[in-house]
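Reader: Hi, I'd like to go through a protein structure with you. Can we take it piece by piece?

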Amino acid sequence: MSLEPCPTDPLGPGQVRVRTCFSGISAGTELTLFRGSNPRLSKDWDDLTRMFVPRQTPVPYPLVGFGYEEVGEVVEVATDVGDRAPGQLVWGIWGHRAEAVLPAGAVTPLAPGLDPLAAVFARPGAIALTAVLAGDLHLGDWVGIFGQGVIGLLATRLATLSGARVVAADRVPARLAMAARLGARRTVDAGVESAAGVLRTLTDGRGADVCLELSGAYPALHEAIRATTHAGRVVAAGFYQGGADGLGLGEEFHHNRIQLVAAQVSGPAPAPGLAGRWSGARIAHTFMDLVAEGSVDPLPLVSHVVDARAVADALALLDRGADDVLQVVLRF
């Protein structure tokens, strides 16, 4: 993988030209493309039936579509655009490229005084908030959050803000320490002890009211199900790959009648029960509002900022999965 030159797009009516400052790398979706496990590499998504179908043509190369966490500066606006101006810092989704021409409505001005680096978290924050909303958390609920990567840590903070009592589970001590700083009542090293056992002990044997699974690992989803109370809810918001090794649906899932809910930030409704109230755009803007007001501070989650020309090294860094890696950001 490398950074390649691309032609300059002409500016059309209703559009703005944005020069990228920072672009965050997704440690979930983008790594599935990097590793070759993403289903879109072997199948096509049919928008009409909302099903994956066998791919009719080979995947084109170079692969387009990497990147969905960008912040940049408006450098040119079409004459019919009145609410954007050169020099304005904006955030949105336009991929890992130095410059993009976009509809003016596709970018949002950065809140005054906010560090531009914080805006690369708009999409990961929206994913985390989608999972929290899908969980339908209430004040005083015991909530297990499985996976304390960037999205899991943001979900820990958001669930805490919702009044939940959060138990955060991961295998990386540094991430668990960060979860505690973000408000987790208890942290669990999943390589040492059972998060399900801890949650049942904390709740006098009842189990968590809700669990959010954000790692995309089937064994973690199985443990989240084990940790949840009878007829409780598990939100599966990770991007699961391959066969479901480690997931036993004939065990606690079946006997405890667990409600398993899928949450995904895009589509007609991000999760069941949100349609008509919470669109993807509202979720992203709400998260950035929380950042602007100081309720959520994502900047400590930035572990590496690298030159965009070193994108191959940045993805390899994420692929190795070192304990000190959280949000990797490309600087243009």
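Reader: Let's start with Asp297. Is Asp297 buried, partly exposed or exposed?

Author: This is a predicted model. In it, Asp297 is partly exposed, because its relative accessible area is 46%, and the cut-offs are under 20% for buried and over 50% for exposed.

Reader: Where in the chain does Asp297 sit?

Author: Asp297 is in a loop. That loop runs between α8 (280-292) and β14 (302-307).

Reader: Which backbone nitrogen lies 3.2 Å from a polar atom of the Asp297 side chain?

Author: The backbone nitrogen of Leu299.

Reader: And Arg157? How far from Asp297 is that, in sequence and in space?

Author: The two are 140 residues apart in sequence. In space, their C-alpha atoms are 9.2 Å apart.

Reader: New topic: the sheet. What order do the six strands of the open sheet come in?

Author: The order is β10-β9-β8-β11-β12-β13, with parallel pairing.

Reader: Which strands stand at the edges?

Author: β10 (186-189) and β13 (259-262). Each has a single partner strand, so one side of each has no neighbour in the sheet. On average, neighbouring strands are turned by 20° against each other, ignoring direction.

Reader: What holds paired strands together in general?

Author: Strands of a sheet pair through backbone hydrogen bonds.

Reader: How many bridges join β9 to β10?

Author: Four. β9 covers residues 165-170, and the two strands run parallel. Val167 stands opposite Arg186 of β10.

Reader: Which strands does helix α2 touch when it packs on the sheet?

Author: α2 (residues 122-135) touches β11 (208-213), β12 (228-236) and β13. The direction of α2 makes about 155° with that of β12. Helix α6 (residues 218-227) packs on the sheet too, touching β8 (142-146), β11, β12 and β13. For α6, the angle with β12 is about 150°.

Reader: Last helix, α9. Which residues of α9 are buried?

Author: In α9 (residues 311-320), they are Val311, Ala314, Leu315, Leu317 and Leu318. They cover an arc of only 150° around the axis, so they lie on the same side of α9.

Reader: Which residues are exposed on the other side of α9?

Author: Asp313 and Arg320.

Reader: What do the buried residues of α9 pack against?

Author: They pack against β1 (15-25), α1 (29-35), β14 and β15 (327-331).

Reader: And which residue follows α9?

Author: Gly321, with a positive phi near 70°.

Conventions:
Residues numbered from 1 in each chain as written. Predicted model: local features only at pLDDT ≥ 70, side-chain atom pairs only at ≥ 80, totals over all residues. Heavy atoms only, no water. Buried < 20%, exposed > 50% of the residue type's maximum accessible area, 1.4 Å probe, protein only. Polar contact = N/O pair within 3.5 Å; in protein donor to acceptor, adjacent residues only side chain to side chain. Pairing = 2+ DSSP bridges. Axes fitted to C-alpha atoms, helices over the stretch in contact; angles between N-to-C directions. Contact = heavy atoms within 4.5 Å. Arc of directions from axis to C-beta.
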